[in-house]
Amino acid sequence: MITGEQGRSFTGPLIYADLFVGEKYDAGKELGNWSCAEYDDSRWKPVKKVEYSMENLIGQYAPPVRTIYSFSPLGIIQSPKGEMILDTGQVVAGQIEFTVNAKAGTEIRLEHSEILDEEGNYFNNILGTNKEQMVVYIAKDGRQTYQTQFSYQGFRYVRITGWPGEMEAGQFKIHAVSSLMEDIGHFSTSDERINRLQKNIWWSQVANTISIPTDCPQREKAGWTGDIMAYAPTMCFLRNADAFLTSWMANVRAEQRDNGAVPVIVPYLKAYEIFINETQKSDTCCGWGDAVIVVPWSVYQAYGDKRILEENYDDMNRWMEYVRDRAEHHHPKEYETWDEAHRERSRYLWNTDFHYGDWLIPSVVLGNPDGSAMMETAYATMGIVAPAYYAFSAAMMAKVAETLGHTEDAAYYQELYQKIREAFIQEYVHEDGTIDADFQGIYVIALKNGLVPEEIRPKMVEHLCELIKKNHGCLDTGFLSILFLMDVLCENGKRDTAYELMFQTKCPSWLYEVEKGATTIWESWGAIGEDGTVSTYSYNHYAFGCVGEWMYREMGGLQAAAPGYKKIRIAPAWDCGLSWARVVEETPYGTASVVWEKDSDRKYLNIQIPPNTTAEIVLSENRTETVGSGDYTYEI
């Protein structure tokens, strides 16, 4: 706190406040009208003057954190163990407000969790030291209202002990907090399960955009870069995230290492830095570090403002230089046994260092909720995912450079991509379309990034579909492949398989979570087992919600054909299994919307195109129209 020369201080009712431990407040120690001029502060002590440099102070660019939604809880549960549990009805990140009549000294405890156990008892799904998520309130005399002030929790259920008298749901209010951003995207359909999935995506987004993009709002509350790398396009569609992500990218630039490495967590807290370097011997890895390129590009694509590309261009180049150095000058142990041709192509393959790889592949982690199973996905896939993502980022950097008018850089990165592609194909891709790391996600990443000869592509697509079929029609993709999965299927003539995955209700699938009662996106597809077994995963991670952007674009049919929706493509998914869908986006030019409906005889399409834009409308396989701004209605 900054005060004047005569600043004074005193201990008040707030005993402690911590983002993980929770908050303790003793109302009996309240100081009355301490902020008023007439207050008697004679017992207060002078503050100690400290000299700090102000060179690092800048104005706050990020939107402020506010209560964005308040609601009443669903009800009070008495568990089989006799516990009194408040059920909010929704997994949320936020604070509880309560009103109570109590005697002075009454201690009330609120413990927060996201799930109940199989019998309906309180279950703490958040493990680890100092992760109590507990609010302790010591009452004063009479009727009083309290709301947590300096911490927030991730929860749906709250075990309450010490409550005086009968507890009623009407005594509580839930406040969801998030960085203040306008909702600009809306999506609804004829299938209520898809609508619930859409709500789950939105709730996980608002819970994980509190000052910075986080992985979860309870266990870590950390800015894991891989999560936002995958999720950024969906985030930018649903809410106006321009200022939010622009601000976070300033943190990325501040945390980037001298050698160009981008940490896997931003801001890079010291405890994480020590832990990650001790366990992984590096600050970064593929996919996570690539956020320095992908996030600005996603913001530019959504809103059409080149500024975020310009601000981060040097740091993107520094990241690519770091990866180039790792590929060219650091080699696997067996490097000395290779012939010259093998060594030469290795210069374009990031085949060293630790990487999280296609993190959390369902077939590896389902039924194995401990950390060792998660790490299996890393070791099984990182050797191929890292060079593939090198190609991904090189291709994206070519686009960034071209957009900014850096033609020489664009040519350099395009040539680099081609060399990585050639080396990848020679090293990993077999004539029958298979790759040694025989996981769905490996093929998805390779196909999306052109890392397969065109004559072999059909074989690889068929092999991918065969793997999906063998997996009972379910996906088996992790963090770094899930963002490409549905597009790969659609782009390679397998839309029916994409829709099968979308409407799948077996585990793992998006609608499996919905049918298990999810109100947010889970960290792991099987956080609740098919037999009802409850695990200690997080129930509020947005990464796998990245399917949202595909739903709006493909199922809804609203596609940005140029950055910021300057050009728009309308292509309703008449064949997706829905009878109607509605998608709306508040673009930089105004409202763009698509509402389509079909019955047994007719198809109906209503479109709104904003001013100063044009749109291509795909009415059927053989019929398209190009229009300017305005409202359009079609009956087909």
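Visitor: In what order do the five strands of the open sheet stand?
Guide: This is a predicted model. In it, five strands form an open sheet with antiparallel pairing. The twist from one strand to the next averages 5 degrees. The order is S15-S20-S21-S22-S25.

Visitor: Which strands stand at the edges of the sheet?
Guide: Look for strands with a single partner strand. An edge strand has one side without a neighbour in the sheet, because nothing pairs there. The two are S15 (185–189) and S25 (630–635).

Visitor: Which residue in S25 stands opposite Ile-607?
Guide: Strand S22 covers residues 603–609 and pairs with S25. That pairing is antiparallel and runs over six bridges. Opposite Ile-607, in S25, stands Tyr-632.

Visitor: At what angle does helix H2 run to S20?
Guide: Helix H2 spans residues 225–238. It lies across two strands, S15 and S20 (580–587). Its angle to S20 is about 80 degrees.

Visitor: How do the residues of the contact of H11 with H13 divide into nonpolar, polar and charged?
Guide: H11 (residues 440–448) packs on H13 (residues 482–491) at about 65 degrees, with the axes 9 Å apart. From H11 come Val-444, Ile-445, Leu-447 and Lys-448; they meet Phe-484, Leu-485, Asp-487, Val-488 and Glu-491 in H13. The division is six nonpolar, no polar and three charged.

Visitor: What is the handedness of the crossing where H11 passes H13?
Guide: The two helices pack with their axes 9 Å apart. H11 passes H13 in a crossing that is left-handed.

Visitor: Which helix gives the most to the largest nonpolar core?
Guide: In soluble globular proteins, nonpolar side chains tend to be buried together. Here the largest nonpolar core has 169 residues, and Phe-424, Ile-435, Met-502, Trp-550 and Met-551 have the most contacts inside it. The top contributor gives 18 residues and spans 371–403: helix H9.

Visitor: How many residues has the other core?
Guide: This core lies apart from the largest one. Among its residues are Tyr-25, Leu-86, Val-135 and Tyr-137. Its count is 26 residues.

Visitor: Which residues does Met-551 touch, not counting those up to four places away in sequence?
Guide: Met-551 is among the residues with the most contacts inside the largest core. With sequence neighbours up to four places away left out, its contacts are Phe-187, Ile-194, Leu-197, Gln-198, Ile-201, Met-502 and Gly-556.

Visitor: Is Glu-408 buried or exposed?
Guide: Glu-408 is found in helix H10 (residues 407–428). Its relative accessible area is 69%. The cut-off for this class is over 50%, so Glu-408 is exposed.

Methods:
Residues numbered from 1 in each chain as written. Predicted model: local features only at pLDDT ≥ 70, side-chain atom pairs only at ≥ 80, totals over all residues. Heavy atoms only, no water. Axes fitted to C-alpha atoms, helices over the stretch in contact; angles between N-to-C directions. Helix = DSSP H or I, 4+ residues; strand = E, 2+ residues; numbered from the N terminus. Left-handed = near helix turned anticlockwise from the far one by under 90°. Contact = heavy atoms within 4.5 Å. Nonpolar A, V, L, I, M, F, W, Y, C, P; charged D, E, K, R; others polar. Pairing = 2+ DSSP bridges. Core = buried A, V, L, I, M, F, W, Y, C linked by side-chain atoms within 4.5 Å. Buried < 20%, exposed > 50% of the residue type's maximum accessible area, 1.4 Å probe, protein only.
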